[in-house]
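Visitor: Please take a close look at the backbone geometry of this protein, and set it against the rest of the fold.

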Amino acid sequence: MTQHLIPDRNVVARVEGADPRLKDDWVIVSAHYDHNGAEDEQIYNGADDDGSGTVGLLEIAEAYARAVERGQRPRRSVLFAAWNSEERGLLGAWAFIEQPLFLLERIVGVLNMDMIGRNEEVQVGGGARFRGLEVQTAESNNNAINILGYSRTPDLWALVQQANAGIGLELKPRYDNNLSNLLRRSDHWPFLQRGVPAVWFHTGLHPDYHTVYDRPEKINYDKMEKVARLVYQASWDLAQQDGRPRMAARNVRP
Ligand SMILES: [Zn+2]
């Protein structure tokens with residue numbers, strides 16, 4: 001077997017906070033921009049995983065840029081992070097943890113979007129990929145999104161629920177403990193491991209997950225827009241509020 005060393009890059013951008021006392025605090029909004037490439041004629045488009053989150057990230061960054069143009073700047077600073085090599089083992093996010101741009105203690109919360117464009121669908125006999133997930137139809141999840149990490153940081157979960165009041169998505173706090181270890185499977189996980197409050201916005205697995213059929217025409221765009229609005233609102237509230245979310249007691253830093 002030949003091993004190749006391949007240079008890799010995360011892409012980040014920031015909006016600097018306006019409050020002299022809080023601007024060294026950071027809110028991170030993130031998504032991963034890699035997927036699984038191609039094999040011969042077979043192209044893995046990754047429209048949902050994670051084209052959807054990447055598009056959401058760009059829209060949210062643009063909304064911040066416009067707010068700043070209008071003279072509305074958040075109190076805390078906000079980092080927009082497009083991670084690379086999530087599919088190779090969360091490598092981009094782990095690299096940031098190893099060499100962060102600021103002290104990890106300064107991060108008040110991470111809002112990670114990975115797969116925000118489909119309806120969760122688990123079929124009977126769906127196979128090992130769906131281990132531990134209950135059978136459910138796509139229709140039943142038409143307006144639903146899973147929020148993972150809710151039990152690790154109930155404060156951040158409460159903030160997300162509040163942000164959803166004017167948006168009206170069906171929020172499903174679930175999968176923090178399940179057979180598939182879903183909670184460990186996206187870029188918020190390295191942050192949770194280091195005691196940084198983080199949640200994962202995730203519309204769930206479906207039969208096209210990690211196949212060549214994860215294509216843009218299958219995206220639920222109405223819902224995806226709502227998710228982007230929700231993450232924008234939650235990030236703004238996080239940047240503005242006086243206090244900061246805590247981790248659940250068992251996860252407090254030693
Ligand atoms: Zn993904």
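Guide: The answer starts with the whole fold and then turns to the backbone geometry.

This is a predicted model, in which local features need pLDDT of at least 70 and side-chain atom pairs count only at pLDDT 80 or more, while totals for chains, interfaces and linings use all residues. Numbering runs from 1 along each chain as its sequence is written.

The protein has five helices and nine strands (DSSP runs numbered from the N terminus: H or I of at least four residues for helices, E of at least two for strands). Their order along the sequence is β-β-β-β-α-β-α-β-β-α-β-α-β-α. The radius of gyration, taken over C-alpha atoms, is 18 Å, which agrees with the value near 18 Å for a compact globule of 254 residues; the globule rule is 2.2 Å times the number of residues to the power 0.38. Of the 254 residues, 43% are buried, where buried requires 20 or more other C-beta atoms within 10 Å of the residue's own, exposed 12 or fewer, and partly exposed a count in between, with C-beta atoms placed from the backbone.

Helix α1 covers residues 47–69. Its end C-alpha atoms are 31 Å apart, which agrees with the 33 Å expected for 23 residues at 1.5 Å a residue (the expected span is 1.5 Å times one less than the number of residues). Aspartate 50 belongs to this helix, and the peptide bond leading to it from aspartate 49 is cis, with omega near 0°. After α1 comes glycine 71, with a positive phi near 90°.

As background, most residues other than glycine have a negative phi, and most peptide bonds are trans. Serine 85 has a positive phi, near 55°, although it is not glycine. Serine 85 sits in the loop between β5 (77–83) and α2 (91–98), and counts as buried because it has 20 C-beta neighbours inside 10 Å. Methionine 115, also not a glycine, has a positive phi near 70°. Methionine 115 lies in the loop between β6 (107–113) and β7 (144–148) and is buried, with 28 C-beta neighbours inside 10 Å.

For contrast in burial, valine 212 is partly exposed, since 15 other C-beta atoms lie within 10 Å. Valine 212 is placed in the loop between β9 (198–202) and α5. Apart from neighbours within four places in sequence, valine 212 is in contact with Gln42, Ile43 and Tyr44, a contact being two C-beta atoms, placed from the backbone, within 7 Å.
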